[in-house]
Each structure stands twice: as C-alpha cells, then as structure tokens.
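User: Please look closely at one part of this model, the contact between chains, and set it in its surroundings. A connected explanation suited to a first-year student would be welcome.

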Amino acid sequence: MKVLVTGAGGFLGVRTVERLIAHGYVDIRCFLRDPSKTTALKRVSQSCPSAQLEYCYGNLRSKADCVNAVEGAALVIHLAAGLKGSPAELVADSVVASRNLLEAIDARPSPPIQQTRIVLVSSFGVYGVASLARGARITEKTPLETHPELRDAYSYSKLRQEQLFWEHQQNTGFELVVLRPGVIYGPGGGTFSNRVGLQIGPVFAFLGGNNVLPLSHVANCAEAIVVAGTHPDTAGQIFNVHDDDLPTTAKYLHEYKRRVRKIRSIRLPYFVTQTLATMLEAYHRRSQGQLPAVLTRYKAAAAWAGNKFDNAKLRSTGWRQLVSTADGMAETFRSLRLTVTMK
Amino acid sequence: MIQTMSLKIAIIGCGKIADAHVEEIRKIPSAQLVAVCDLEPIMAEQLSVRYAVPRWYSNFTRMLDEQKPDVVHITTPPHSHLALVRQAVAAGCHIFLEKPVAPHYEDVRNLLAAAGAADRKLTVNYWPNFEDPALKLRRLVDSGTIGDVVHLESFYGYDLAGEYGMALRRDAHHWVHRLPGKLFQNVLDHVLNKIALYLPDDNPSIHAVAYRGDSRHQEHEGSRLLDELRVIIQGEHATAYATFSAHARPIGHSLRVLGTLNTANVDFMMRTVTLDRKQNFPSALGRLLPPFLVAKDYFRQGLGNVNRFSHARFHYFHGMRRLLTEFYDCIENNSAPPIANQEILRVSAMMEAIFQQVYPEVLA
C-alpha cells in the first residue's frame, strides 16, 4: 500500500515515517516543502534498506503540487499544518492546503476517495475548554470550541481544518481518523508549551502551577498516529493523544531548570493570572489594541484552568507508550542543554 | 445634534495585511466595515469570523452589487490592482490601495487615470509618511528649520526570517516572486515615498546596485532572492541614497535629511526626530556640548512618546489610521486626497528605473 505523509520532513513527520516502517509500511511518499529537510528522512531510510521512500517536494497551497502528492496513495497521513506566522498564513497553510489536498484526492482516478483512509493530526486546541469548569477532564467527547475568535489563530486554523475534513468525509465517504495530540515534545522540538507559561522579556511567567501537562513524546505520538490511524476499526473515530505518566507543569519547569539552564521565573497563581488578564483585556479595549491581548480571561481559562486528561480510548487501539516520560524528558533536556551550550 | 455620515467600507483581499486594515478601520467612528472578499472563500471566511465582519464574499462583483460600499480597500497582490480599481470605480467606489501599487509604471498611470475619469478618490497606503515623526519632519522643512534640502538618506531594514519574509521564502509560488522588482518591489514604496516628498524631480538620474547578501549571515538558506539594494538618486537641486538591507542589524527604518541649515534624523522604529544643529560654541566646547544637546532632544522625544502611549496614540499602524481618517474626510468633503497622484507616480517611476537596472532580464 502506498502511504503519503505530508509534512514528512518536520519534527513529527520524520518519527511518523520511522514508525510506519517499524509497522511494516515500506512504500512511503514523503511530501516536504523544504528539500533541505530530507536529510533526516534519508538517515531513516538507510537504517531500513527494505523501505522505499519517495521524496516529493512542493507546497500544499498549490493545487498542482497536491495532484503530484496524492497519486496512488491509499493511506494519507496529513501532518502538514501552519505552526507559526500571521493568522492568514496559518489558515492558508492548514485550511486552504487541506482543502486542496482533499480535492486532489477526490479528483484522482485511482484509488477512489472512498477506498482511501486519511489520518488527520489535529490538536487539543480545538476543544472548547474555556467554558468548562476548572479541572474538567478532557475526553474525545468534550465539545469543540465555539468561539475560536476569542482564542489564538492557531486554534482557529486547526478547528476549521478539522471541520473541513469532517464535511468532506460526509460528502465523499472516505475513511477518516482524527488524532488530537496534546503537547508534542522531544529532541528537536520546542522548549515550553504555553501551558507551562509565557516568556515576557527576560522573565518567564510560570502560569501552569500544578496543572497536569499533557505531554506526548514525539515517538509516542508517531506511534499513536500509525497504530490508531491504521487500525481496521478506527474509521470515523477521534483520539486524544498523550502519554500515560504525565508530569505537572511545575515538575517540567523544575527539571528544565535543573538539567538545561537556570531561568528567572515568577509563579503566578490562577486567580492572579485571571486578574492580570482582566486588566490587560480592559486596557486592550480602552487603548484600541495598543498592547496586544496576549492574555485574556478566555485564553487563560483555555490554557491554565487545570484540566485533567484521558487517553483510555487511544490505549484501546493497542497503542503503548514507547518512551517513558522520565526518559523522554531526560532526552529532550539533554538536547536542549546541547543547544544552549552551543549558543 | 450633528449627524456624521458613516462610510460603508469593504475589503478585497484577505491576506496578512488585511488584518491591519480591519483593525484601523474599526477605530474610525465615521467608517463601517460591511464586508470582506477574497477569491479564496476560506480566506474571506477566516477574516470575517476573526473580526466579526458582517458579511464575506468570494465574488467581488457580488459584493459590490449587494453591499454598494462607498470605499473599497484593495489588499490583493498588485497584479490584480488595475482590474479591481477599474471595476470598483465603475461601481462608484473610492479606493484605498495597498502598496505595491502595481507591477509596472504604466499600470500605475492607468489605475490613477481610471479613478480620475470616474471622479473617484484614490490613495495608496503610504502610512509611515503619516506617522508623527514624518509629520514633524514636514513641519521642520516647511518652517525652514532645515533650510533647503541638499541630500536625503532613506534606510529600510528587512527581516527575511520574520512573518512577511518567511511567507515569501517558504512559498515558491508567492506573488512577490512574480513582481518585476521581486522582494524590493514589495517594500520599496516605503523607502522611496519619503524621498519623493522632498525631491520633486519627475525624472531624476538613478543608479542602482543589487546583490545577494553574504550567505554566512543568512539565518535561513534556500532563498535565491537578491536582498541588498543601494540606490543613488540625483535631482536638479538635491540628491538621495536609498538603502534596502536584509542583513544589517538592528533592523532599522530611518530617514536623514541634510539641509543647508540643519540636518534632521528621523527614526521610524523609535519614533523620534532629532536635529543635528549648526554649532556656535567656541573651540573644544563645540565638540563637548553637542552630545548633551542631542541627549536632551532624545529625552524630550521619549517623553513625547510616553505621552502618546498614555493617550493610546502609539499603535504600530497609527499612521495608517491618520491616513485613513484624512482619506475618508476627503471623500466626505470632496477635497483633494491626502497623497497627490504626482507623488505616487514619482515613486512608481523611480521604482521602475531601479528594477530596469537590477532585474533587466525581467523587464526586457
């Protein structure tokens, strides 16, 4: 079976290709925007000579590039998405690109879209957690965000992307599996999720307190994509993706300071965060946006209200955590330490 | 009770810069944003949802027919500007146009002519010229403090790793790559429109050099764009240097105006205007005291900015709000637009002359 992985050169993409090969998928088309990111994939390919990796370069915003990407692929793992940039860029890279991809799959002669399985990697950001009670448990049944305009552009783009996939699935009948990862981390990834806090000038505002941090080590996340995404009984299903043994944000920050570098941080309890958010929001409104509304009550409730998480549904597919959180954090902090030292 | 007329505003083109237009339009009491439009429905929808704009369209004709806006903001790629201006003015709309105005000088002329023939107002988003420092500079020149302008130095720094730079570097199909002047054309309006204000020659002599900056300082490889530009402009009574740099740090945006009496330094990033004055102090005092006078100048400018901040007049696009207000006022009062057509044409002519030298194969 020909597998297409979009965003294959990215942080999660390379690991996904690795796990696909480990699960016996050898005919893989890797779609990348940046040819310089092929290096890591070539290393994966060299470690498994039976794998046939095909590299396809392009931009999913281009309909012609999408046509080249989807040819003959019966399993499509869609990882490519806008992660940074202006709101318009995020929407173009996540939503417009997804629409182009779906239309290209629908338009190709073979295999027909009805015989295609598409695995979409979405995000926790699509949940409407701000309207839930403090400490509410997030499951796959948690309602979706109804006020994306009050969140950040990333959440809006991921929500609209997921809606688009479900609309097309209803219209064309392909098999859709949606995975919603929490905070993907690992060597080569970011340093802090905003669930831990925000860097404000030279000081790190530590806002997460003892909240649980829904980490998903990049290898575990890739394993979830392959296991849940290819399971015969998961079509039409949604899975939250995070590891079993989750740390608190306090533990994560403590370990970072111990193993990577000392940083100046100020711990702000939730009620202080909400008070500050109220003041900032009021100032933002009064000054007509002179300072950006990076912190609002709605955003604070979405990020720091102390939600609980549940990956029981993912585990029911047979997924198992490959890298423990202790090992994953140690490996990640070693890599970050190296980066800091090199700087 | 005085009733102010409310202008119905619509936007065509829902990319990055449209956010700034929406935000500034919403701050103007006499304007009401009624609809946004983009050929790509997803882009029109996202702008409408994020800013609660009442309606969105993917068909420009339909938007014009149904909404009958008084003003259309055109924020699409420049290749589409001429056709959209013609269609909008034919529908009776005034035009607020995002830069670059159009790919070629001829298009710019045609576009201004179309608006003129339809008796509609048109202006271009030269917003830095409406920032407080730019206005202060105008007052200094008009009052004779600078004397006659001898020379201008306009500098514009650019971050290829920033939001705008990344957008065009990641996308080989980005419209900037199809412009005759490529990356330079997307920003050169802001470098040259300051010069055009004080160098009134229609056909100055222009000598331009462009090259790709040292790759050792490239934060990201993969771009083959020329990203450094130096231009010497010679008019009848004054000269100018225009510099665009993607490698110089910190990223600056400044104008230096050397006059027969004094020299003004305008920093658009810090929003300051300082004067290098002719010194009358004798001997060593003439070297000792001037730094303190400059420091005093900066201190006063800083206090002025604090005052602006405290009165919520220190937004990034404050100049755009001022320009928009003046443009909307000129529609209501049927007066001249805030930017003269001649100024827009002079900028465009200089750009064309520069691109003919740095990208001769594109314009051949």
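Analyst: Two residues are in contact if their C-beta atoms, placed from the backbone, lie within 7 Å. The model is predicted, and local features need pLDDT of at least 70, side-chain atom pairs count only at pLDDT 80 or more, while totals for chains, interfaces and linings use all residues. Residues are numbered from 1 along each chain as its sequence is written, and chains are lettered from A and ligands numbered from 1 in the order in which they are written.

Between the two chains, 24 residues of chain A are in contact with 26 residues of chain B. On the chain B side, the elements that give two or more residues are helix H1 (16-25), helix H2 (41-51) and helix H7 (163-170); helices (H or I, at least four residues) and strands (E, at least two) are DSSP runs, numbered from the N terminus. H2(B) gives the most to this side, with five residues. By class, the chain B side holds eleven nonpolar, ten charged and five polar residues. Here Ala, Val, Leu, Ile, Met, Phe, Trp, Tyr, Cys and Pro count as nonpolar, Asp, Glu, Lys and Arg as charged, and the others, Gly among them, as polar.

H2(B) also packs against a helix of the other chain. Two packed helices are described by the angle between their axes and the distance between the axes. Helix H4 (residues 87-107) of chain A and H2(B) have axes 10 Å apart and an angle of about 135 degrees; axes are lines fitted to C-alpha atoms, for helices over the stretch in contact, and angles run from 0 to 180 degrees between N-to-C directions. H4(A) and H2(B) are therefore oblique to each other (angles under 35 degrees count as roughly parallel, over 145 as roughly antiparallel, 65 to 115 as roughly perpendicular and the rest as oblique). The crossing of H4(A) past H2(B) is right-handed (left-handed if the near helix is turned anticlockwise from the far one by less than a right angle, right-handed if clockwise). H4(A) contributes Pro87(A), Ala88(A), Val91(A), Ala92(A), Val95(A), Val96(A) and Arg99(A), and H2(B) contributes Ile42(B), Met43(B), Gln46(B) and Arg50(B). Of the residues in this contact, eight are nonpolar, two charged and one polar.

A second place where the chains touch involves Gly289(A), in the loop between helix H8 (270-286) and helix H9 (297-304) of chain A. Not counting residues up to four places away in sequence, Gly289(A) touches Glu23(B) and His315(B), as well as His284(A). Gly289(A) has 18 other C-beta atoms within 10 Å and is therefore partly exposed (a residue is buried if 20 or more other C-beta atoms, placed from the backbone, lie within 10 Å of its own, exposed if 12 or fewer, and partly exposed in between). From Gly289(A) to Asn171(A), 118 residues apart in sequence, the C-alpha distance is 41 Å.

As for the chain that carries H4(A) and Gly289(A), chain A has eleven helices and 14 strands. Its radius of gyration is 20 Å, close to the 20 Å that the globule rule gives for 343 residues, so chain A is as compact as a globular protein of that length. That radius is taken over C-alpha atoms, and the globule rule is 2.2 Å times the number of residues to the power 0.38. The C-alpha trace of chain A spans about 55 × 40 × 35 Å along its principal axes, and 48% of its 343 residues are buried.
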